[in-house]
Every structure is written in C-alpha cells, then in structure tokens.
Amino acid sequence: MDALARATDAQIGAVCEAFTSVSWPLGRDDFTALAERLGWQLKLETSSGVQHRSGYPVNLPTVRSLVAAEAIAQVVIAVSDKSDDPGALRSAAQALQSALSGHLGQPAGSQGGDPHWELANGGRIWLKTVPKKVLLVVEGQRFADVERAEERLGIDPGRTPGIDDDTD
C-alpha cells in the first residue's frame, strides 16, 4: 500500500478557518474573495456552479461549488489523490480526519463512516470517502439545516426519492 498524496494540514486548516468565518448565505462575490484567499484558481463559472483548481498536492486538485438561490450552497474539494487502493484511501481519510479534528474538534456525527463537523455559523463540513478519493464537503447553512431536519425525522439518507417501496 502506497501512501496517497493529500492536502496538507495547513491547507485543511485554511479551509476550516475560511468556512467557519463566513456568513451564510455566501454570495458569489464573497465566495470569489474566499477562493482567492485560499489560492484557488478559477476554472469555470456557470449559473449553477463554479469550478476551481485548488493547487493542493493531489493528482486531480478540483473544487466544485454548487449555486442555489444565487448563493454558494455546497463546496466539494478533492483532498486526496485518486486511487483504486481502498487501504490507501482509508489511511488518507484517517490523516485528514485527524487534521480536521485538530482544527474543529471531534466530529459531531457520522453517516456511513463519513464524519461531519457542525460549524457555529450554521454550516457543516463532511469528510467523505468515495470509491476512488477523499473529499471535503462544505455545506452552507441551508443545505445543512435540511440534513439536520432529516436526521431528526429519521429519514434514511440512502433513500431513492420518488420510488415507492410499497409493493402489494
């Protein structure tokens, strides 16, 4: 198992600091300034999102942001190399979780093994391990509030909306 390249602890700390200090909803202009402070380079901007290159030492340094109601709703940051090695992904995720915990404290919860941290400004940060890489997912207050409400109601996060499970 080879160690995967990943975002540094300092880069993780800068992301944590940036997103704990914003006010939601985060408008496009404020997000542009935040991305510049983080050293991200603009790649593409559309009505529904913004893409940047993070400059992090990973083989696909992408940052994809979703826009909803003219504000940034979610930011997905690649924080590890892409790999087919599940052990290396696990190891990278553990190191990244340690870095996040050093800046944000212990996770507030987890879902499917992916930990999340609640932010005082109403946002939420997830560390998600997907099949080939580790992602940092920052959710604005609006998205985070919907997730929290679903969790309180016991709604299964893995459900497929629009499919009726009742078969008679």
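This briefing describes the nonpolar core, the strand pairing and selected local features of one structure. The model is predicted. Its largest nonpolar core holds 38 residues, of which Phe19, Trp40 and Ile77 touch the most other members. Antiparallel pairing joins E2 to E3, E3 to E4, E6 to E7 and E7 to E8.

**Nonpolar core**

- At least two residues of this core come from each of helix H1 (9-20), helix H2 (28-37), strand E4 (62-68), strand E5 (71-78), helix H3 (86-104), strand E8 (124-130) and strand E9 (133-139).
- Helix H3 supplies the largest share of the core, with seven residues.
- Beyond its neighbours within four places in sequence, Ile77 is in contact with Val15, Trp40, Tyr56, Thr62, Val63, Val134, Leu135, Leu136 and Val138.
- Phe19 is buried, its relative accessible area being 0%.

**Leu38 and its surroundings**

- Leu38 lies in the loop between H2 and strand E2 (41-45).
- Because its relative accessible area is 15%, under the 20% limit, Leu38 counts as buried.
- Outside the four nearest places in sequence on either side, the contacts of Leu38 are Ala14, Val15, Ala18 and Phe19.
- Between Leu38 and Ala108 there are 25 Å in space, C-alpha to C-alpha, and the two are 70 residues apart in sequence.

**Aromatic rings**

- Two aromatic pairs are present in the structure.
- In the pair of Phe19 and Trp24, the ring centres are 6.5 Å apart and the planes meet at 10°, so the pair is stacked.
- Trp24 is buried, at 13% relative accessibility.
- The ring of Trp126 has the charged end of Lys128 over it, 4.3 Å from the ring centre.

**Strands E2, E3 and E4**

- Strand E2 and strand E3 (residues 49-53) are antiparallel and share four bridges.
- Three residues separate E2 and E3, which form a hairpin.
- Glu45 is placed opposite Val50 of E3.
- Strand E3 also pairs with E4 in the antiparallel sense, through five bridges.
- Arg53 has Thr62 of E4 as its bridge partner, and Thr62 is also among the contacts of Ile77.

**Strands E6, E7 and E8**

- Strand E6 (residues 109-111) runs antiparallel to E7, with three bridges between them.
- The hairpin of E6 and E7 has two residues between the strands, and Gly112 in its turn takes a positive phi of about 60°.
- Gln111 faces Asp114 of E7 across this pairing.
- Of the five residues of strand E7 (residues 114-118), four are buried, so E7 is largely enclosed by the rest of the structure.
- Three bridges also connect E7 to E8, again in the antiparallel sense.
- The hairpin of E7 and E8 has five residues between the strands, and Gly122 in its turn has a positive phi of about 100°.
- His116 stands opposite Trp126 of E8, and Trp126 is the residue whose ring lies beneath the charged end of Lys128.

**Helices H3 and H4**

- Ser101 belongs to helix H3.
- Ser101 is buried, with 15% relative accessible area.
- Apart from neighbours within four places in sequence, Ser101 is in contact with Gln106, Pro107 and Trp117.
- Helix H4 (residues 141-153) has 13 residues and should span 18 Å at 1.5 Å a residue; the end C-alpha atoms are 18 Å apart, which agrees.
- Gly154, just after H4, has a positive phi of about 75°.

Key: Residues are numbered from 1 along each chain as its sequence is written. This is a predicted model: local features need pLDDT of at least 70, side-chain atom pairs count only at pLDDT 80 or more; totals for chains, interfaces and linings use all residues. Side-chain values use heavy atoms; hydrogens and water are left out. A nonpolar core is a set of buried Ala, Val, Leu, Ile, Met, Phe, Trp, Tyr and Cys residues joined through side-chain atoms within 4.5 Å. Buried means under 20% relative accessible area, exposed over 50%, partly exposed in between (1.4 Å probe, protein chains only). Contact means heavy atoms within 4.5 Å. Rings of Phe, Tyr and Trp (its six-membered ring) pair if their centres lie within 6.5 Å; planes under 30 degrees apart count as stacked, over 60 as edge-to-face and the rest as tilted. A charge sits over a ring if NZ of Lys or CZ of Arg is within 6 Å of the ring centre and within 35 degrees of the ring normal. The expected span of a helix is 1.5 Å times one less than its number of residues. Two strands pair if DSSP finds at least two bridges between them.
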